[in-house]
Each structure stands twice: as C-alpha cells, then as structure tokens.
Amino acid sequence: MNIIIHRGTHEIGGCVTEYEHNGYRLFVDYGDELPGGPKTGDLQVEGLTHGDISKSALLITHYHGDHIGSITKLPQDLPIYMGKVGCEIHKVLSNHLKTVNPAHKVMFERLQHVHTFREGEKFKIGPFDIMPVTVDHSAFDAYAFKIVVNGVSSVYHTGDFRLHGFRSGKTPDMLQKYVGEVDYVVCEGTNVTRPDAASEKESELQSDFETLFKENKGCVVYLSSTNIDRLFSLYHAAYNAHRPFYVDEYQKTVMDTVVKSGSIWTKSGLFQYKKHEPKSLIYDKYDKNSFFVSDSFKDALDKYGYVLIARPNPRFDNLIEQIPGEKKKVLSMWNGYVKEGSDAFNENLAKSLDKDFDYMHTSGHVDMADLRMLFSLLKPKGIIPIHTEEPEAFAKEFGNEWPVILLNDGDSFHSL
Ligand SMILES: [Zn+2]
Ligand SMILES: [Zn+2]
C-alpha cells in the first residue's frame, strides 16, 4: 500500500490523504485550507479531482470545514462516505446557511448523495477493509479509520480527536476491540506547539460554567453551533444552575438532530434533554434581522436569569442590546479568532464580544501526553504526522520512542 499525503504535512487545514493499492485509491478528507494558514490552492489529484475515478472513493472523518469543505469541487460520481449522524448535522448546517451563501446550497445537495456508515460497522471498498472508530472531538460523530489491505498491511488514520473529552474514557476499550495493533498511524498533530491548549478536561470546564451560571444572572456564550459536546454540556450546566437555556431555532434543530440520532453516544444522559428542553427564540415576523422580544420575555429573563447561546450576527446583537441588566459574555471557542492581527481574526465575533468577556474553552484536539498513550496501545512501526504546522516538533517529541516518518505534500510512502 502506498500512503500519499496530498496536503497537510505542514498545515492544519485542508488535509487530503490517499491510500493506494493496485490502482485502487482510497482518499480520506477533502477540506478547505484554514483562513490565515498557508494556501496551496485547488489541488489536482489523479483519481480524485480528475482522471479515472472508477477505482476511487473518499472517506470523510468529520464535518469540520477543513475536512469536508471542498467536496463540492469533486466529480459528481465519486463515491463519498461519511458517518450517518455527522452527515445529518452537516445537512442542518448547510440548509441553514444556504440562503446567505450559495456554496452551502451546493453542499446541501451534494450531501443527499453521500453514503453513510455507523460506528463499529466494518465495510469494504476494493481491496480496503475499513473499520470506522468513533472518536471524541469538537465535531460530533467524528471518526478514525482502521484501514487494512488484503488482511496484511494496516493503518490507523486518527482524524481529529482528543482524549480529554466526555467521551474519551471509552477510547482504550474501543481501540482494543476494533483496532488492536497496527503497522502505521497517520496522526493529527494540531497541538504539538500548543502545550496548554488541552490542559482542562471538558468535564472540568462544565463545572466552571455551572459556577459561572450560578453566580451571574445573565450569561451570553459564543461557541461553534456544531460543537455538540460543549453545547449539551452548557445545557446541563445551565439546568443545574436553574437558569433557563435559550437558543435560536437553528441551534435547537441541531440539538434535536443529536437527541433523535440513535448514535451510541445518545445512550449517555449528556446528549438527552431533561424535563425542560432548551427554549427556542422566536424570529420577528416583520424583521428578519431580529428576534421577537416581548415585555413578558424581558420580564422572564429579568426574573429567572438566562444562559443565551449566541452567534456573532445582527440578530443576536440586537437581542442582547435589548436585554436589561448586567450580562456576562463568554467566548467558548479558540481565542485566535479574536486576537487582532491574527490571520484567523473574526471581526464580527470581536465586535459582538466587545472588550469585556471571559474565555472558557478547552481544545478539541489531543495533547502530547495522551498521544503517547495512544501510540503505546497501537504499537506502530511508524507514525506519519499530518494536520500540523510543526511536523519537526512532532518528530522531536516522539522520535526516540517510535519512528516518525516526515513527508512533504505529494510524497509517496510505501508501506509493506
Ligand atoms: Zn475537526
Ligand atoms: Zn481539522
């Protein structure tokens, strides 16, 4: 089997990996490059973007834009495979955004033709046996893949993942059951130069939020609308603090999609509603840039307090302005988006947050100590880092314990 990293050996965004055997090509992920990251432009890959695609297929690890965002540029008849629940969530997102950006309409249509798989259900494409292994990440229904060719050569493709989330405790058991030992690991290395990014567990963050909600009557939290674990964590934190939890209709649909998904994770109470479901904000019939704000709604906020899940747009900005009393604003996503001068700077988010806000976040990506634990279970002959800006730092971190294979974009590595 040949392993070719078409993109992602030296950047976090836009990873594209190919596993090739006897002319069969299995690709993993085809996303956008990150704003502010390096730009290699549109890729030209034989068997993926053009040429003979009759022996090709594409697997998507999860719905983040840097993994799925560019699939709309691929030939219509290329078979694409994705987790069932992740696909449903991405449909809700692209359906919501399709009126503001036509690219999301194209994505929504493409998603109708995606083949879906479920966790732990092995499937076969050409000579490749694929085992989708559900992993904990800031996207729900995210996967790693164990890929085996002819029952001989095996690779574990990690995708984006972490071991400090709510769902991470099951990882060692799942690896033992579905993966075992492998020859190679193609591994994400996002946090290799961000040593503090994952210092807090998701469960510790939830307790911090609960305390914050108890101590502050009104809280407005900004987070990614598809960071499902954080969203449900906030819902339960608000519940325990006896604060009503408000979201808009779109966000409620995302949450409902998870609750009804039948994913194995929804056996956990974390992904279920308690007695009171999140409250949906009502859009104003006459002004699409506003929510309907009645006096009784304002009175209720004043009386019971609230946790409002917001996004940086005029509709939420208008609403927040009308809410009386003190409000605590919280940023619960990567703070690179609001650092002025940063390449990823998001002007709308910075404006909505203004100057006075708390930062409460933990990374969706694994830290180096946990990666070491993963490798000690998988016992690979070699590790290929991707999804990292610093592959050399990755080699320095692990090179003494496991062979780290450093590739450049487009290099082909032959694994036996
Ligand atoms: Zn991701
Ligand atoms: Zn990613």
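**Exercises on a two-zinc site**

The zinc ion (ligand 1) has as protein donors His62 (NE2), His64 (ND1), His137 (NE2) and Asp160 (OD), at 2.1 to 2.4 Å; donors are N, O and S atoms within 2.8 Å of the metal (3.2 Å for Na, K and Ca), and water is not among the atoms, so sites may look incomplete. The model is predicted: local features need pLDDT of at least 70, side-chain atom pairs pLDDT 80 or more, while totals for chains, interfaces and linings use all residues. Side-chain values use heavy atoms, without hydrogens and water; residues are numbered from 1 along each chain, and ligands from 1 in the order written.

**Exercise 1.** Classify the arrangement of donor atoms around the zinc ion (ligand 1).

*Solution.* Step 1: four donors are tetrahedral if all angles lie between 85 and 135 degrees, and square planar if opposite donors are over 155 degrees apart and all others between 65 and 115; six are octahedral under that latter rule, and anything else is irregular. Step 2: the four donor atoms subtend angles of 91 to 164°, so the arrangement is irregular.

**Exercise 2.** Identify the residue that bridges the zinc ion (ligand 2) and the zinc ion (ligand 1).

*Solution.* Step 1: the protein donors of the zinc ion (ligand 2) are Asp66 (OD), His67 (NE2), Asp160 (OD) and His387 (NE2), 2.1 to 2.2 Å away. Step 2: Asp160 coordinates both ions, which are 3.5 Å apart.

**Exercise 3.** State whether Asp66 and His387 are buried or exposed.

*Solution.* Step 1: buried means under 20% relative accessible area, exposed over 50%, partly exposed in between (1.4 Å probe, protein chains only). Step 2: Asp66 and His387 are both buried.
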